[in-house]
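Me: I have a model open and want to go through it piece by piece. Can you take my questions as they come?

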Amino acid sequence: MVEQGDPGDTPMPHDVRAAEPAPLTRLHHRHLLGLQTYSAEEIHLILDTAREFRRVLDRPIRRVPTLRGITVVNLFFEPSTRTRISFELAEKRLSADTVNFSASGSSVSKGETLKDTAQNIEAMKIDMVVVRHKSPGAPHFLTRCVDAVIVNAGDGAHEHPTQALLDMLTINDHFASFEGLNIAIIGDITHSRVARSNIHGLTKLGANVTLCGPPTLLPVGIEKLGVRVTHRLDEALEGCDVAMALRIQLERQGDSLFPSLREYHDRFGITLDHLAQYPDLLVMHPGPVNRGVELASDVVDHERAIILNQVTNGVATRMAVLYLLAGIADGDAG
Ligand code: CP
């Protein structure tokens, strides 16, 4: 697929797709707002495409002309290290024109609204918007304000679909199938967009998902999403293949929802003792890690923590998402 690109050509994404022999099909969606509405087949298509792009990233020249002529704006209203840099790298590796926007230092600080900001940026002829915003639903709102393709890079506590996709790609590197895989998601589920997207994605692919955390950080009725719930870490880790620890999001919590960070670590933090007790367990974390809270510092640096593999997979995953969405002019919204 992407290996066939001639750097001297300037094909549009649909031209590349028409020329390639691989049996890829289109996504049914025009935007990526969340995984709740994406099918298992669409998720597999993204993961398969990401694996193709990973081969590009392993080559001496890590660039293809696939999105030449496409302009992408990265609209970040919240801080980010991994998501923002990997989207920008993905865009550059695909030869797209990239513009970065941060709310701080922009006219948002003068009171300009999200709608006006987006419409003014679109007036400069952009094709795709990658947006992170503190308000759940902000990316959905943007689909009604602008014609550009919208990619959700995290909206409040709602969804963070590309994080879940890169998490699934990383899990798939270690396990051939998701069917019957036991995944524990541990920590602040209530405030976690990462948890929500992973729950939607992993359950669709056939994994057994267990949520674990203090009752104050687990939404009432979350079992309806097809997950098991426990408040005991050992119960979550027993028979578990992958433990996904979540960051304690102090900035999204109002009143303290647990007595102290130390007590949280004592009850829900993964330590070297857990790695010894469960010798096949792999540990993931979306970052940024609060060392000594969700994970003991030694666990973060342990070879069975595949946190940096997640970050590496972020670039190929975001290349796949941008590639698959870039050439689609019709289809279902969101
Ligand atoms: N995982 C994640 O979203 O990290 P950033 O906030 O640094 O982008």
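Me: Where is histidine 160?
Reply: Histidine 160 sits in the loop between strand 4 (149-155) and helix 6. Keep in mind that this is a predicted model.

Me: Is histidine 160 buried or exposed?
Reply: Histidine 160 is buried, because its relative accessible area is 3%, and the cut-off for buried is under 20%.

Me: Which side chain makes a polar contact with histidine 160?
Reply: That of arginine 132; the polar contact between the two side chains is 3.2 Å.

Me: What else does histidine 160 touch, leaving out residues up to four places away in sequence?
Reply: Besides Arg132, histidine 160 touches Thr83, Ala153, Gly154, Arg193, Val194, Ser197 and Arg318.

Me: Arg132 again. What about the largest pocket, which residues are closest to its centre?
Reply: The largest pocket has a volume of about 420 Å³. Its lining has 20 residues, and the closest to the centre are Arg132, Arg193, Arg247, Gly287 and Pro288. Two of these, Arg132 and Arg193, are also touched by histidine 160.

Me: Which helices supply at least two residues of that lining?
Reply: Helix 3 and helix 7 (193-204) each do so for the largest pocket.

Me: And how does the lining of the largest pocket divide by class?
Reply: There are 5 nonpolar, 8 polar and 7 charged residues in the lining of the largest pocket.

Me: OK, the second largest pocket. How much space lies in it?
Reply: About 240 Å³ lies in the second largest pocket. Helix 2, helix 3 and helix 12 are the elements that give two or more residues to its lining.

Me: Which residues lie nearest its centre?
Reply: Leu57, Leu89, Arg93, Thr312 and Val315, out of 15 lining residues in the second largest pocket. By class, that lining divides into 6 nonpolar, 4 polar and 5 charged residues.

Me: How many cavities of 30 Å³ or more does the structure hold?
Reply: The structure holds 1 such cavity, with about 70 Å³ of space in it. The elements giving two or more residues to its lining are helix 3 (82-93), helix 6 (161-174) and helix 12 (307-326).

Me: Which helix gives the most to that lining?
Reply: Helix 12, with 5 residues in the lining of the largest cavity.

Me: Give me the residues that line the largest cavity.
Reply: The lining of the largest cavity is made up of Arg82, Ser86, Gln163, Leu166, His285, Pro286, Ile307, Gln310, Val311, Gly314 and Arg318. By class they are 4 nonpolar, 5 polar and 2 charged. Arg318 also appears among the residues that histidine 160 touches.

Me: Change of topic: helix 9. Which of its residues are buried?
Reply: In helix 9 (residues 261-268), the buried residues are Tyr264, His265 and Phe268. They lie on the same side of helix 9, because the arc they cover around the axis is only 100°.

Me: What does the face turned away from the buried side carry?
Reply: That face of helix 9 carries the exposed residues Arg262 and Asp266.

Me: And what covers the buried residues of helix 9?
Reply: The cover includes strand 5 (182-186), strand 6 (208-212) and helix 8 (233-237).

Me: Now proline 136. Which loop is it in?
Reply: Proline 136 is in the loop between strand 3 (128-133) and helix 5 (138-143). Proline 136 counts as exposed because its relative accessible area is 56%, with the cut-off for exposed at over 50%.

Me: What does proline 136 touch, leaving out residues up to four places away?
Reply: Asp155, Gly156, Ala157 and His158. Proline 136 and glycine 154 have C-alpha atoms 8.4 Å apart, with their positions 18 residues apart in sequence.

Me: How far apart are aspartate 48 and alanine 320 along the chain, and in space?
Reply: They are 272 residues apart along the chain, while their C-alpha atoms are separated by 8.6 Å. Aspartate 48 lies in helix 2 (residues 40-57) and is partly exposed, at 39% relative accessibility.

Me: Last one, the chain as a whole. How many helices and strands?
Reply: The protein chain has 12 helices and 9 strands. Of its 334 residues, 55% count as buried. Among contacts with a separation of 6 or more, 75% are between residues 24 or more positions apart.

Technical notes: Residues numbered from 1 in each chain as written. Predicted model: local features only at pLDDT ≥ 70, side-chain atom pairs only at ≥ 80, totals over all residues. Heavy atoms only, no water. 1 Å grid on protein atoms, 1.4 Å probe; cavity = no way out; pocket = protein on both sides within 12 Å on 5 of 7 lines; lining within 4 Å. Points joined across faces, edges and corners; volume = space filled by probe spheres on them. Helix = DSSP H or I, 4+ residues; strand = E, 2+ residues; numbered from the N terminus. Nonpolar A, V, L, I, M, F, W, Y, C, P; charged D, E, K, R; others polar. Buried < 20%, exposed > 50% of the residue type's maximum accessible area, 1.4 Å probe, protein only. Arc of directions from axis to C-beta. Contact = heavy atoms within 4.5 Å. Polar contact = N/O pair within 3.5 Å; in protein donor to acceptor, adjacent residues only side chain to side chain.
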